[in-house]
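Thanks for making the time this morning. I would like to walk you through a few local features of one structure, and I will try to say only what the coordinates support.

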Amino acid sequence: MSERTPGGARVAVPWVRTRLRSAPGAAAALAVLVAVTAFLAAALPLAVDRYGDAGLRRSLEVAGPDRTTVQLYASRSDDVVSLDAWEAQLREDAVRGPYAKLFALPGRSLPLDPDQSSYGVRTTRRLAAPDPYLSRPDGLAPQFHLVTPSGLAGHSRLREGRLPKAPDGVTASTTAVEAAVTAETARKLNIEVGSVVHVPGVERAPLAVRVTGVVEPRAPRQAYWSTTPVLRGPSLMTVPGDPSRRVFWVGALLLPPDAAPALLGTGGLPERYWMLAPGVSALHGYDLPRLTSAVASLEAGPLLQRARAAAAPTVESETSLDEVFAEYTGLRAVIGPLVAVAAFGTGTVAAVVLLMAGGLAADRRRAELTLLRARGTSLRGLTGRLLAETAVVAVPAAALGLAAARLTVDGGRLSYAVAAAGAVALTASVALPLRAVAAHRAVRVHAARDDLVSARPSRRRTVAELTLLTLAAGAVVALRTRGTPDGEGASGDELVSLAPVLVGMIAALVLVRLYPLPLRGLARPAGRLRGVVGPLSLARAGRTSGSAVLPLLALLTALTTAAFGGSVLTGVADARDRAAVLGVGADARVEGTQPLPSGLAERVRRAPGVRDVTAVSVSYDGMPPGGRLTVPVAGVDPAGYAALSRHTDIGAFDPDVLKASGAGALPALASPEIADRYGTGPFRVRLEDGNDITVRIVEVRERTPVLAGLDFLVVDRSGLPDGPDRPTTLLVTGDRPDAGALREAAGGAAQVRLRAEQFARYVDSPLQSGAERVYTAAVAAGAGYAVLALLLTLLRAAPERAALLARLRTMGLTRAQGRRLLVLESLPQALLAAVGGTVTAWAAIRLLSPGIDLTAVAVSSSASPAGRAALRTDPVSLLVPALAVVAVTVGIAAAQAWWTGRRGSVRELRVGDDR
């Protein structure tokens, strides 16, 4: 842009600086909008990566090092026939030699933890120690593994004695070595410093292992100690096939590495091992394909072949890390698409708002741009100028939003955040130029009338609408037939996640086409009404700009996304609550393995929050005829238990059918499998205490509160031998029973479980809780952008409305009539958006719900006690956002009328203003 000076020279006038100085408020508003949008757009992928990483790490922590550590081991190979050669392979230098190569094998594909990885020699068979001073729970001698772990001094603290040392020249014939034990092993097996444990030898005297020290593990739950849990502490094992189920201790003796050849003199069949512990903090959820491939290669692939070349031909690999990855992948594959639905919906609304902001700026500057075109400015020049003035604001604002997102959300891939913020900056930069080019392609002085009533859709618009309709129908059909996208093939299924957005888009286009019909029909009857407010407001509503598709699309998409998201969150909460009720059977459960003490029920009843207590006697090993299968038998008070069943909605029944008559068989409530097996005739059941009862099945229910998830028989407790005096379970109902008071009342006689605690336990993975937070934030952001779209729509018409009120006031219109005029003028579009959004959201949920399973989001386990958690319509999520749209619209219109009435009318009545 340039102008001539009095001397005739041209002086360049910087366009961008001039525009920013002339409209600093508009530039600041655009900068704030872009910065906030870029912040949200950049934070989304960072937050998804963060909760994905946290979920993967939690999965590994829950699985434990015994499943996640990659164990490489090599036993005696067939070509090693010499005892001397095998002794040489078991010495510390020979075991340590290949460790560095084995540790480096996965490289960056599978990060490993050098501090928790280890190597050594261990016996593969347990060795019984006959020493009489050792603990013998059932008179059986304890058994030991002999292990020579590397780095024992660095992973433990010495509590007593000293660390073991290997004698010089240890061979298979060595008769005595030293060892250390953990404090837990020493305590449970009655071992002290100086104790000697004798393990049997092979064709030689027993190997004497003298305990020289007691150590305390520094990190007992990490991989060094927990890959083989027996290292940190002993465990009780049951004798296989023993009818008496006698138990014996199994522990570990920790020998120095150079003492490994002495193990050849025992029957333990020693082997070399190398433990490769994954670096949990370095693992990322988005690297799962690479991680899974590396683990598969270590188990049976090229990396295993390289391990054999580095260590020994007999090296084998063992790990369950691939199963842990598969479980996590399955959970993420279900959760990810649900988050994508909210992300796409909110992203669509945000994009529409950015386009609306550009459209508002273009409309406000219509006269200026028309004049520029009339004075010869080319479309290319006009586009460049507008692009420069918006980019100089949008790009720094987007960079600021990106920086804020990075500071707020740690971790995650920066490239995705940069791409998201860049997309926001690009959209904001091109919105005004594209809108201006579309409106000023031809040079004109006056624009044609652009009313909803007078507008007629073009063929191009019809083709575009039909194309969108086809895409939406395809997405909905795909989602209904095969559910949300999952697995590695989900990358190309974004169309399915866009289905709610496309449904809202089609609804917006259809409603904009149908909107003029009632206005045309009401125009003539309204003209016969008394007063000017009604007819004038209807006429004004009909003269709304024909470009109302974008605002309506924003509102409908936001309402659909909010209703969809609200229904998802409500469905997840309901599924968790139902699973918690089924898992506990009541609001709280007090249960013992033996009959509960007398008076416990009354103490529990007095606890805060307790409304009622139902006592139940449970015999878990009832023996029906045949003697092969057992069935739990519950003795209940029919009236109280029926009330509990109605309260929990678990197998409700009529208490009268279960009451014992005192003669004949006891009426019984049974599970379907038990009813199919024994029919409705009387049959005998032997209880755990040896007493027999005769029962007859009178009612069949899928579940019952005290034995949910099991086959069962429920009878009147008064008909059991000594039934009223032998309750084993108390089922508590009430309003948030106090957990501390219940546990204090139960003491050590029973276990206490609460419905609220079970509910919280189902949120087991950060992947679930993180997805819920992102979903909630996305829905909230979508609602905020919807309100902003509504404000932009009203701001666009604000100058014209202010001028109209000023002119009508000169004709005698009162302030009250002015307020009613603006409110009634805004109501048709607000009602259109509210009703259309409610219907669209309801239809979208009904259409998409068969293909969406919320079970993985609701509970951490793959099988929920409540079964499949389906998506259902939440009335609150449907109606509240729609009513909010109407309320905000009416409030803004009333506020505008009030503010216009307080201001003077001189500015609005100036001649020549284009209003």
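What follows covers ring contacts, then strands, and then two loop residues.

Please keep in mind throughout that this is a predicted model, and that the side-chain atom pairs I mention count only at pLDDT 80 or more.

Let me begin with the aromatic rings. With ring centres required to lie within 6.5 Å, the count comes to five aromatic pairs. One of them is formed by Y99 and Y119, whose ring centres are 4.9 Å apart and whose planes make an angle of 45°, which puts the pair in the tilted class. Where do Y99 and Y119 lie in the chain, and what does the pair tie together? Y99 belongs to helix α6, residues 99-104, and Y119 to strand β4, residues 118-123, so this contact ties together parts that are 20 residues apart in sequence. As for their surroundings, Y99 counts as buried at 14% relative accessibility, and Y119 is buried as well, with a relative accessible area of 11%. The pair also belongs to a cluster, in which ring pairs link Y99 and Y119 with F103.

For a second geometry, consider Y678 and F683, where the ring centres are 4.7 Å apart and the planes meet at 20°. Planes under 30 degrees apart count as stacked, and therefore this pair is described as stacked. Y678 has 19% relative accessibility, and because the limit for buried is under 20%, Y678 counts as buried; F683, at 7%, counts as buried too.

There is also a contact between a charge and a ring, in which the charged end of R413 sits over the ring of Y416, at 4.2 Å from the ring centre.

Now to the strands, starting with β15, residues 588-591. Which way do its side chains point, and are they buried or exposed? A588 and V590 point one way, whereas R589 and E591 point the other way, and all of them are buried, the charged residues R589 and E591 included. This can be set beside a general point, namely that in a regular strand the side chains alternate between the two faces of the sheet.

Strand β15 has two partners to mention. Four bridges join β15 to β22, residues 729-734, and the two run antiparallel; within that pairing, A588 has V732 as its bridge partner. Four bridges also join β15 to β23, residues 751-754, again in an antiparallel arrangement, and here E591 stands opposite Q751.

Strand β8, residues 176-182, offers a parallel case, since seven bridges join it to β10, residues 207-217, and these two strands run parallel. In that pairing V181 stands opposite V214. Six of the seven residues of β8 are buried, so the strand is largely enclosed by the rest of the structure.

Finally, two residues other than glycine that have a positive phi. For D649, phi is near 60°, and D649 is found in the loop between α22, residues 638-648, and β18, residues 666-670. At 54% relative accessibility, D649 counts as exposed. For R736, phi is near 55°, and R736 lies in the loop between β22 and α24, the latter spanning residues 739-746. R736 is exposed, with a relative accessible area of 76%. Strand β22, which borders this loop, is also the one joined to β15 by four bridges.

Conventions:
Residues numbered from 1 in each chain as written. Predicted model: local features only at pLDDT ≥ 70, side-chain atom pairs only at ≥ 80, totals over all residues. Heavy atoms only, no water. Phe/Tyr/Trp six-rings, centres within 6.5 Å; stacked < 30°, edge-to-face > 60°. Buried < 20%, exposed > 50% of the residue type's maximum accessible area, 1.4 Å probe, protein only. Lys NZ or Arg CZ within 6 Å of the ring centre and 35° of its normal. Pairing = 2+ DSSP bridges.
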